[in-house]
Amino acid sequence: HRARGRLGSSLAWPAVEGDTQLSGILSANPDKNPVFHDWTLVWVPYCDGASFTGNRVVDGIHFQGGAIRDAIVADLKATTSIRSADMVVISGGSAGASAVYFHVDRIAEELGP
């Protein structure tokens with residue numbers, strides 16, 4: 001069942017991802033990432049099954065992507081200084097990277113001044 005695995009639940013995820021996921025343009029190392037190394041980085045792994053959209057139960061499967069996206073933004077605003085960041089990189093893993101394209105304008109508005 002999807003809800004018991006890494007792609008359906010964040011229960012087993014670390015609070016902060018290590019260098020294995022945050023490489024290339026997501027690296028904070030200026031030698032590996034001379035352009036974005038000092039930007040504020042938000043990396044959201046994919047887990048909701050619906051590209052962070054919708055709030056519905058279908059055939060017993062809970063799709064809460066919209067609520068997850070809202071909670072991520074609310075948590076960033078409440079627990080980080082992201083609202084004062086000059087430049088932000090938002091990225092995701094797997095289909096979560098595609099979801100960035102769907103939501104980046106709304107997230108930018110919500111994080112803006």
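**Reading a loop residue and the helices around it**

Trainee: S51 lies in the loop between strand 1 (40-44) and strand 2 (56-58). Is S51 buried or exposed?

Mentor: This model is predicted, and what we read from it is computed from its coordinates. A residue is called buried when its relative accessible area is under 20%. S51 has a relative accessible area of 15%, so it counts as buried.

Trainee: Which residues does S51 touch, not counting residues up to four places away in sequence?

Mentor: Leaving out those sequence neighbours, S51 touches Y46, A95, A99, F102 and H103. Two of these partners, A99 and H103, are themselves listed among the buried residues of helix 2.

Trainee: Which residue in the loop between strand 1 and strand 2 is F52, in terms of its phi, given that it is not a glycine?

Mentor: F52, which is found in that loop, has a positive phi of about 60 degrees although it is not a glycine. Its relative accessibility is 7%, and therefore it counts as buried. D59 also has a positive phi, of about 50 degrees, and is likewise not a glycine, but D59 lies in the loop between strand 2 and strand 3 (61-63) and, at 77% relative accessibility, counts as exposed.

Trainee: How many helices and strands does the protein chain have, and what pattern does the chain follow along the sequence?

Mentor: There are two helices and four strands in the protein chain, and reading along the sequence gives β-β-β-α-β-α. Of the 113 residues, 28% are buried. To see how contacts link separate parts of the sequence, take those between residues at least 6 apart: 55% of them join residues at least 24 apart.

Trainee: Where is the place of W43, and what separates the C-alpha atoms of W43 and G96?

Mentor: W43 has its place in strand 1, and at 16% relative accessibility it counts as buried. Along the chain, W43 and G96 are 53 residues apart, while their C-alpha atoms are separated by 9.1 Å. G96 belongs to the buried residues of helix 2.

Trainee: Which residues in helix 2 are buried, and what covers them?

Mentor: The general idea is that an α-helix has 3.6 residues a turn, so residues three or four places apart point the same way. In helix 2, the buried residues are G96, A99, V100, H103, I107 and L111. What covers them includes helix 1 and strand 4 (88-92).

Trainee: Where is the kink in helix 2 centred, and what do its 17 residues span?

Mentor: The kink, of about 60 degrees, is centred on H103. For the span, one expects 24 Å from the 17 residues at 1.5 Å a residue, and the end C-alpha atoms of helix 2 are 22 Å apart, which agrees.

Trainee: How do the axes of helix 1 (residues 65-79) and helix 2 (residues 95-111) cross, and what residues meet there?

Mentor: These two axes come within 11 Å and cross at roughly 35 degrees, with helix 1 passing helix 2 in a right-handed crossing. From helix 1, the residues R69, D70, V73 and K77 meet H103, R106, I107, E110 and L111 in helix 2. The residues of this contact of helix 1 with helix 2 divide into three nonpolar, one polar and five charged. H103 thus recurs in our reading: it is touched by S51, it marks the centre of the kink, and it takes part in the contact with helix 1.

Conventions:
Residues numbered from 1 in each chain as written. Predicted model: local features only at pLDDT ≥ 70, side-chain atom pairs only at ≥ 80, totals over all residues. Heavy atoms only, no water. Axes fitted to C-alpha atoms, helices over the stretch in contact; angles between N-to-C directions. Left-handed = near helix turned anticlockwise from the far one by under 90°. Contact = heavy atoms within 4.5 Å. Nonpolar A, V, L, I, M, F, W, Y, C, P; charged D, E, K, R; others polar. Expected span 1.5 Å × (residues − 1). Bend = angle between axes of the 7 residues up to and from the residue. Buried < 20%, exposed > 50% of the residue type's maximum accessible area, 1.4 Å probe, protein only.
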